[in-house]
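Here are my notes on the model you sent round, set out as numbered points. Please read them with the structure open beside you.

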Amino acid sequence: MLRSCVCLRRHWKSRVVAIATVLILATVIIGVLLSTSSSSESNARVSVAARVEGFETAIEPLIKHEETIDADVNVIRNLAETESEGGRELKREPAIEQATIAKHTELNSKQSLQTHRNLKEAPARHLTTTNTSKSDTDQSFDCSWVNATYQPPYFLTALLTYRIYEDDKAKLTTKELKQWLEYMRYIGVEHVYAYDSYYTQDENQKTALARYTADGYITLIDWSMYNPYTLKGTKLTAYADCKKKFETETDWQTAIDIDEYPYSSVDTEPGFLYRYMKKYSRANPTVSEISMENYLYLGKPLDRELLMERLWRHTHGPANKLVKPIYKLANVKLLIHHNKILKGKTGHIKDEDLRMNHYWGGRLQNWGEDTPEILAKTETDMGMEPIVRAFKECEKYIRPYID
């Protein structure tokens, strides 16, 4: 025990000696520095200033690079702040160079992936689709809606009665019929029951629609025996036939014509009608029918391939009371504009959520030039541009169907 204490005392003394030595050396150095002449001090200050200036010049490029990095960080921060359920919106600050923005467009491409996820809520019902996603098109558009097919029971279908004939002043031909079918696919309609009320064999669309029947997207019914055409004798008998034969195959259905396009100003992505009806039916389980207000697109059509890009002016509001319904087939007796409700009730929707774009063209001006009266009744609306662009981008996949 005593030996341990002696060792500790010696260790303590050695540490005191070391500390004292350091203090003495520090005192000597301070004295030397204080004795330096003022002229030497002035020269030293000049030398230091020169070195600082040279250092600032040397690091200037690094500072600029750091500012660029900060700008990049700000872009990412803005992206995070504006993130929404449907995707990401890129805030374009004017102070940031276009090259900097371009670095982050990859983040914005996530929106196109969300488009495909939103297309259907029930992918297990999906049968076939050609691989037409972004990876093989070099485009930011998902084209898988073009030839997607489904099997019953369907959630959403369409009922169509039509006659394609040569003397139609509206010039609704086989091409417009096929465009309408592709639009039904785009908005999320899973199947179409098509009643062809042709009058002569050259009007029969069976061969023209063979591809649609082959892939199972339409059920084509020959309705030529119900001619000459009348609303009661042709259209309403087709409606009754559809309810009798296919009531158990579908939940919701809409009965519209080939110049009528359901449209939403708040959602133009593929599958928007399917999504809307899924959400609406969950929120309103007792509703059996809703109505789409009729917005007439008027004027002399432009020389464009797609019907929906030929007219860009519509009435200031609903043109009349000739709405078109979306209904639960099992719960109604089918009429035309307002069905008879057998079970449930009628619901109400906002025009901005869902309306009917009705491409009437030049009917009110006797198929002639635009008149001041027509221009006064209408307003320009470019809301269909995103859908037209999607059709153009996916043209090579649509072309085999509509040619």
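1. How much accessible surface does the chain have, and what share of that surface belongs to carbon and sulfur atoms? The model is a predicted one, and in it the accessible surface of the chain comes to about 22,900 Å², with carbon and sulfur atoms supplying 56% of that area.

2. On the overall make-up, the chain contains twelve helices and 16 strands, and 41% of its 403 residues are buried. If one takes the contacts in the chain with a separation of 6 or more, 78% of them are between residues 24 or more positions apart.

3. The sheet deserves a careful look. Seven strands make up an open sheet, with mixed pairing, in the order β5-β4-β3-β6-β11-β8-β14. Its edge strands are β5 (218-222) and β14, each of which pairs on one side only. Within this order, strand β3 (residues 154-162) and strand β6 (residues 250-255) run parallel and are joined by five bridges, and Leu156 is found opposite Trp252 in β6.

4. Two helices are placed against this part of the sheet. Helix α8 (residues 231-246) packs on the sheet and touches β3, β4, β5 and β6, its direction making about 140 degrees with that of β4. Helix α6 lies across β3, β4 (191-196) and β5, and runs at about 165 degrees to β3.

5. Is strand β8 (residues 287-292) mostly covered or mostly open? The strand is mostly covered, since six of its six residues are buried. β8 pairs with strand β11 (residues 324-328) in the antiparallel sense over four bridges, and there Glu289 has Tyr327 of β11 as its bridge partner. β8 is also joined by two bridges to strand β14 (residues 345-346), in this case in the parallel sense, with Val287 partnered by Lys345 of β14.

6. Helix α6 (residues 174-187) has a further neighbour in helix α11 (residues 385-393): the two axes come within 12 Å and cross at roughly 105 degrees. The crossing angle therefore makes α6 roughly perpendicular to α11. From α6 the contact involves Gln179, Glu182, Tyr183 and Tyr186, while α11 contributes Ile387, Ala390 and Phe391. Sorted by class, the residues of this contact between α6 and α11 are five nonpolar, one polar and one charged.

7. Two glutamates may be worth reading side by side, beginning with Glu203, which sits in the loop between β4 and α7 (210-214). Why does Glu203 count as buried? Its relative accessible area is 8%, and buried means under 20%. Leaving out residues up to four places away in sequence, Glu203 touches Arg163, Ile164, Tyr165, Asp196 and Tyr198.

8. The other glutamate is Glu379, which lies in strand β16 (residues 378-380). Glu379 has a relative accessible area of 31%, so this residue is classed as partly exposed. When its neighbours within four places in sequence are set aside, Glu379 is in contact with Trp312, Arg313, His314 and His316. For one of these, Arg313, the C-alpha atom is separated from that of Glu379 by 5.1 Å, although the two residues are 66 residues apart along the chain.

Notes. Residues numbered from 1 in each chain as written. Predicted model: local features only at pLDDT ≥ 70, side-chain atom pairs only at ≥ 80, totals over all residues. Heavy atoms only, no water. Buried < 20%, exposed > 50% of the residue type's maximum accessible area, 1.4 Å probe, protein only. Contact = heavy atoms within 4.5 Å. Areas by Shrake-Rupley, 256 points an atom, 1.4 Å probe, with all protein chains shown as cover. Pairing = 2+ DSSP bridges. Axes fitted to C-alpha atoms, helices over the stretch in contact; angles between N-to-C directions. Parallel < 35°, antiparallel > 145°, perpendicular 65-115°, else oblique. Nonpolar A, V, L, I, M, F, W, Y, C, P; charged D, E, K, R; others polar.
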